[in-house]
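Please open the model in your viewer and keep the sequence panel beside it. The tour below proposes one selection after another and says what is to be found at each.

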Amino acid sequence: MSKIKGLKCKECGKNYPAAALHVCEFCFGPLEVSYNYDFIKTKISKEKILQGPKSLWRYQDLLPIEGEPTVGLNAGFTPMIHAKNLGSELGLDYLYLKNDTVNCLTLSFKDRVVAVALTRAKELGFDTVACASTGNLANSVSAHAAEARLRCFVFIPSDLEWGKVLGNLIYRPNVVAVNGNYDDVNRLCSEIAGEYPWAFVNINIRPYYSEGSKTLAYEAMEQLGWRTPDHVVVPIASGSLLTKISKGFNEFAQLGFVSPVKTKIHGAQAEGCSPVATAFKENRDFIKPVKPKTIAKSLAIGNPADGFYALKVVHGSDGLIEHVTDEEVVEGMTLLARTEGVFAETAGGVTIGVLKKLAKKGVFKKGESVVAYITGNGLKTQEAVAPVLGVPWNIQPSLTSFQEALKASADAPQTRRGDQ
Amino acid sequence: MIKVRIPTPLRKLTGGQGEVDGEGDNVAALINTLDKEYPGLKERLCDEQGELRRFVNIYINEEDIRFHQGMMTPVKKGDEISIVPAIAGG
């Protein structure tokens, strides 16, 4: 018996073999991995997890690979921070940050999904991997393909932040910058995937790949002492991360590791690309695609594949979806950095901006726990905050010069425009 | 003739062809004519009301028809149409 039964259409329920397939050929619905939970129950236990590796592979029994992991052995199990400083600014006693800015190998949550996707791609016999990416995914696929000695093609929008472009090139993959936005890249890749026998992690390998995001829920529960938080705030790009975090909570409850889930799942988008937040506000169950225009490029998906499901999950959990302006994104980034020492990328600014908005609205009641998912590292999107950070004191190498500068700074504190 | 690119899940209906030719003044008409040659195609793409299914995207010259007039978006000779499953990416 194997833990993977096969793939199953989330819409019409049609079954497929556990191959490199992502779409139901009858209704075009998404395929999901279907598990033998009865079998998994006989294998998994809290004790086994606790003795497992300090990586996402401690939850291997709930991940869609057949053998042992071979790629991304150090991905996941990132710190959970009890954010007392930020919490006190926002009036929250139990604010936690899931800090994937320090994920391994490439400083974003994408290392989780890629570790699973490339391990599975190797199991399925592929020698070439690829992806359509807003940046972080491309970085992670490039790095892990280098580690796994796989041929690699990454497709990115041509206007990406320089740090994310360089974060591909260093690993020597084939980097294809497409003149268009992410939705153009995604459509092109769907067409390319139909023509070349490659493992596109977020296209034909997507059912396996997306399961890696469940580990962000498992880790949160384990790190909170085998409890579900009362609230989570999750950034929404395609919506996959949010739906898989929900799935992770429910799986642990189903296995009896935590009490039945009552977590309210809140979504965060940037105003310049908020098709899911807008559908939520307008109480629609369908997404109207938009043309993204925001500095939060990692979330700039105008036609989100899982937007429909993200809406469903948020509604079902009694959560909310909010959006914030680019100014609030930058403010969120600087707020997080100066209170907790965490330098997150723009997506983290979106999450913190929305967290702040929800806190102001009184969504979080006294004593409730909140986990905010910080999914990527600020060193990759420096241009977004650079303009508001001011400049260092420039002094001569003398005590007098320093003392003069110190005095001047007392009179005119260093610019902190991002903090208002 | 209008070139229409067919995604893998629909190629069983087009005898394995990844690209077919069609005719029509708008997307709805184009799909109707394609359905005559490749029966079953329309049912896969459209719901009972003739609207595009949730998980299907159609592009005219790389532009999503949902940004235009949906199924009523005009098409003309020389246009390139792509039918692409919506579930991808992210």
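Does A:W226 count as buried, partly exposed or exposed? This is a predicted model, and in it A:W226 has 13 C-beta neighbours inside 10 Å; because a residue is called buried only from 20 such neighbours and exposed at 12 or fewer, A:W226 counts as partly exposed. Select A:W226 and look at its backbone, where phi is near 55°, a positive value in a residue other than glycine. The residue sits in the loop between helix 9 (215–223) and strand 10 of chain A.

Next, select A:F77, which also is not a glycine and has a positive phi of about 50°. Its place is the loop between helix 2 (46–51) and strand 4 (80–82) of chain A, and A:F77 counts as buried because 22 C-beta neighbours lie inside 10 Å. A further backbone feature can be found by selecting A:C104 and A:L105, since the peptide bond from the former to the latter is cis, with omega near 15°. A:L105 belongs to the loop between strand 5 (94–99) and helix 4 (110–123) of chain A. As background to these stops, most residues other than glycine have a negative phi, and most peptide bonds are trans.

Now move to strand 11 (residues 264–270) of chain A, where six of the seven residues are buried. Strand 11 of chain A runs parallel to strand 10 (residues 231–235) of chain A, to which five bridges join it, and within this pairing A:V234 has A:G267 as its bridge partner. To follow the connection, trace the chain from strand 10 of chain A through helix 10 (residues 240–254) of chain A to strand 11 of chain A, a β-α-β crossover that is right-handed. Strand 11 of chain A is also joined by four bridges to strand 12 (residues 321–324) of chain A, again in parallel, and there A:G267 stands opposite A:I321.

Turn next to chain B and colour it by secondary structure: two helices and five strands should appear, in the order β-β-α-α-β-β-β along the sequence. The five strands form an open sheet of mixed pairing, in the order 2-1-5-3-4, with strand 2 (19–22) and strand 4 (63–64) of chain B as the edge strands, each of which pairs on one side only. Inside this sheet, select strand 3 (residues 56–60) and strand 5 (residues 80–85) of chain B, which run antiparallel and are joined by five bridges; B:I60 has B:I81 as its bridge partner there. Helix 1 (residues 27–37) of chain B lies across strand 1, strand 2, strand 3 and strand 5 of chain B, at about 110° to strand 2 of chain B.

Zoom out to the whole of chain B, whose 90 residues give a radius of gyration of 12 Å, in agreement with the value near 12 Å that a compact globule would have. Buried residues make up 40% of chain B.

Finally, show both chains and select the contact region, in which 28 residues of chain A are in contact with 22 residues of chain B. On the side of chain A, helix 7 (residues 182–195) supplies the largest share, six residues, and the residues of that side divide into 12 nonpolar, 10 polar and six charged. End on helix 7 of chain A, which lies across strand 1 (2–5), strand 3 and strand 5 of chain B and runs at about 85° to strand 5 of chain B.

Notes. Residues numbered from 1 in each chain as written. Chains lettered and ligands numbered in written order. Predicted model: local features only at pLDDT ≥ 70, side-chain atom pairs only at ≥ 80, totals over all residues. Contact = placed C-beta atoms within 7 Å. Nonpolar A, V, L, I, M, F, W, Y, C, P; charged D, E, K, R; others polar. Pairing = 2+ DSSP bridges. Right-handed = clockwise from strand over helix to strand, strands pointing away. Axes fitted to C-alpha atoms, helices over the stretch in contact; angles between N-to-C directions. Rg over C-alpha atoms; globule rule 2.2 N^0.38 Å.
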